[in-house]
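This briefing sets out selected features of one structure, grouped by topic. Please read it alongside the sequence and the coordinates.

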Amino acid sequence: YSWGAKVVLTLAAFAVNFGEFWLIAQLCTSNPLAKSVALLKQPDISEHSQTLKSHFDALSKLINAMFDVTKSIVELTGIHSKYISIGEPPLSTAMTHIHTATYWIIASVVACTRQITGLIGMGNGFGPDTPEARELSSLARKVSSIHEHLQSRLRLCYEHIDADEKKLMEAFEHFKRTIETPQVDNLKILQNIFGKEKVLLNPDRAEVYINLLRKQHVLLLISDLDISQEEIRFLEAVYKERVSSGLNYEIIWLPIVDRTTWNDGYYQKKFSNLQSIMSWYTVSHHVAIEPAVIKYIREEWGFVKKPIAVTLNPQGKVLCPNALNMMWIWGNSAFPFSSEKEESFWKAKPWTLDHLVGRLEPNLPTWVSQQKVVCFYGSEETEWIESFTTATKGVAKALDIGIEMVYVGQKNAKEEHKKITGLIKEKELSHTWEDDKVWFFWNQLESMLYWKTQHGKTIENDVIKQEVMKMLGYDSSKNGWAVFYTGSGELVKANGEKVLSTMHSFEEWEKLANQIGFIPALREKLERVIPHHYCARLILPGNGGRIPERVQCAECGRPMELNFLYRCGAE
């Protein structure tokens with residue numbers, strides 16, 4: 001245990017015994033029950049109240065002093081986690097006194113316990129002035145002196161923190177002015193980010209000077225140490241494609257790391273492992289980024305936990321505070337990854353399923369050219385999957401149309417996904433996607449929703465946002481979902497409950513399907529199906545206010561209830 005924990009545990013154990021004694025001692029003169037308990041467990045203290053007053057006073061003073069010192073120890077051990085390194089004075093100096101303070105607290109607890117035991121079994125030996133009472137008074141003076149000393153050290157620490165806070169704010173304002181002022185090139189901004197650290201590690205892990213990136217397009221990839229391997233792999237694919245696309249930009253990884261926990265070998269190993277799988281520039285050390293820059297990243301660029309990529313043009317101007325969304329959706333065609341470029345894409349290119357899954361399903365162009373219906377679906381229930389795929393294939397056979405089915409799955413269900421894809425392959429129910437593709441599919445949808453939300457789009461005035469929210473709502477549900485699509489642009493989707501019941505009742509709309517086609521008939525039938533329970537639920541990762549406070553249901557248009565969900569990040 002830490003020194004602070006040793007003291008608190010010792011004091012807590014003492015409090016259990018002392019609390020019972022003190023409660024009875026205080027109440028035995030006024031409460032009949034307390035007097036009876038006192039007679040059972042200890043002599044009648046009330047008869048000796050005047051004689052024992054000095055003992056009680058000494059106990060009380062010492063216990064209060066112990067409590068004050070314990071609070072000081074806990075306060076000192078808690079300071080370094082937020083404000084100051086434990087190895088820096090004046091905290092380092094103060095910490096050297098904690099061991100001594102802990103010793104005297106424990107020694108005082110032993111003395112108090114001995115005194116209480118003596119009082120409980122007292123004879124005539126406890127007079128108004130005994131060696132025991134004098135010992136407690138002496139310890140109280142000693143512990144009070146320690147408390148005063150620790151308080152003086154705490155004041156020095158807080159003065160140091162105030163000075164550091166002032167320096168941090170000055171550096172923050174300086175960086176803010178620099179990055180918001182037009183520059184000749186990006187070098188001054190890069191130098192401000194890394195302060196005294198003038199070197200980076202290139203993709204070959206060799207040290208290079210920051211000057212090498214002067215007048216280049218630079219993406220600052222900002223994350224903590226929990227950035228996922230899927231994010232790294234997909235970003236790497238876009239990064240490597242830049243050469244064949246004739247583009248020239250570089251990525252620098254800026255890890256936001258808690259410096260106070262860095263001595264834990266786990267974090268050092270995690271940092272090194274992430275660094276080793278990145279094919280772009282990384283910082284040479286975890287403390288390479290200036291604290292004022294980290295403050296700016298959090299407050300101005302809105303970094304909380306989800307990775308962001310800030311784009312700087314060759315003159316150091318910020319083109320977009322987070323280009324990751326457009327990189328997931330548009331790839332290198334969105335270069336130079338500016339907010340204006342992203343907006344122009346949304347205006348020029350209508351959203352289609354081709355656009356969403358084109359990079360994920362290589363067979364899609366072939367299936368479309370063969371005029372087949374393509375069904376993408378997901379669920380965590382194997383029974384639903386078997387029933388749905390069997391029924392859907394039966395409908396396609398009855399209508400004499402070609403159909404291809406692809407299991408996409410649900411987000412954040414890796415272990416289930418592996419089991420389910422194994423079953424699907426074994427029974428040859430449909431095609432399947434690997435984990436990386438599943439992650440990318442849902443991540444693209446979230447990126448679309450975030451962009452639409454940031455730009456004030458609602459489901460009333462934006463069809464794309466409405467469709468995206470429906471899809472994300474399907475993923476949040478455990479009941480499954482399905483999307484049917486043809487190359488002519490026809491598309492229909494529904495949650496698992498509705499679509500399965502519709503397939504099972506095919507005889508009711510078979511005639512209509514032969515008249516107007518499979519997808520139009522399916523859409524018409526689905527619109528007449530009334531859900532038995534709620535419409536949908538929507539689970540989105542929170543990230544610094546990017547989630548709107550008010551969300552309407554994409555199915556019925558009514559306001560959705562807002563709840564908080566905490567889910568383990570290892571899922």
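At what angle do helix α19 and helix α20 pack, and how far apart are their axes? In this predicted model, helix α19 (residues 496–504) and helix α20 (residues 506–516) pack at an angle of about 80°, and their axes are 6 Å apart. Angles of 65 to 115 degrees count as roughly perpendicular, and α19 and α20 are therefore roughly perpendicular to each other.

**Contact of α19 with α20**

- On the α19 side, the contact is made by Thr502, Met503 and His504; on the α20 side, Phe506, Glu507 and Trp509 take part.
- By character, the residues of this contact comprise 3 nonpolar, 2 polar and 1 charged.

**The sheet**

- An open sheet is formed by 7 strands in the order β2-β1-β5-β4-β3-β6-β7, and its pairing is mixed.
- The edge strands, each of which pairs on one side only, are β2 (207–209) and β7 (318–320).
- On average, neighbouring strands of this sheet are turned by 35° against each other, direction ignored.
- Strand β1 (residues 199–201) and β2 run antiparallel and are joined by 3 bridges; in this pair, valine 199 stands opposite tyrosine 209 of β2.

**Strand β3 and its partners**

- Strand β3 (residues 217–223) is mostly covered, with 7 of its 7 residues buried.
- Both faces of β3 are covered: His217, Leu219, Leu221 and Ser223 are buried on one side, and Val218, Leu220 and Ile222 are buried on the other.
- With strand β4 (residues 249–255), β3 runs parallel and shares 7 bridges; serine 223 stands opposite proline 255 in β4.
- With strand β6 (residues 308–312), β3 runs antiparallel and shares 5 bridges; the bridge partner of leucine 220 in β6 is valine 310.

**Helices on the sheet**

- Helix α7 (residues 187–194) packs on the sheet and touches β1, β3, β4, β5 (281–283) and β6. The direction of α7 makes about 20° with that of β4.
- Helix α8 (residues 229–244) belongs to a right-handed β-α-β unit together with β3 and β4.
- α8 lies across β3 and β4, and runs at about 150° to β4.

Technical notes: Residues numbered from 1 in each chain as written. Predicted model: local features only at pLDDT ≥ 70, side-chain atom pairs only at ≥ 80, totals over all residues. Heavy atoms only, no water. Axes fitted to C-alpha atoms, helices over the stretch in contact; angles between N-to-C directions. Helix = DSSP H or I, 4+ residues; strand = E, 2+ residues; numbered from the N terminus. Parallel < 35°, antiparallel > 145°, perpendicular 65-115°, else oblique. Contact = heavy atoms within 4.5 Å. Nonpolar A, V, L, I, M, F, W, Y, C, P; charged D, E, K, R; others polar. Buried < 20%, exposed > 50% of the residue type's maximum accessible area, 1.4 Å probe, protein only. Pairing = 2+ DSSP bridges. Right-handed = clockwise from strand over helix to strand, strands pointing away.
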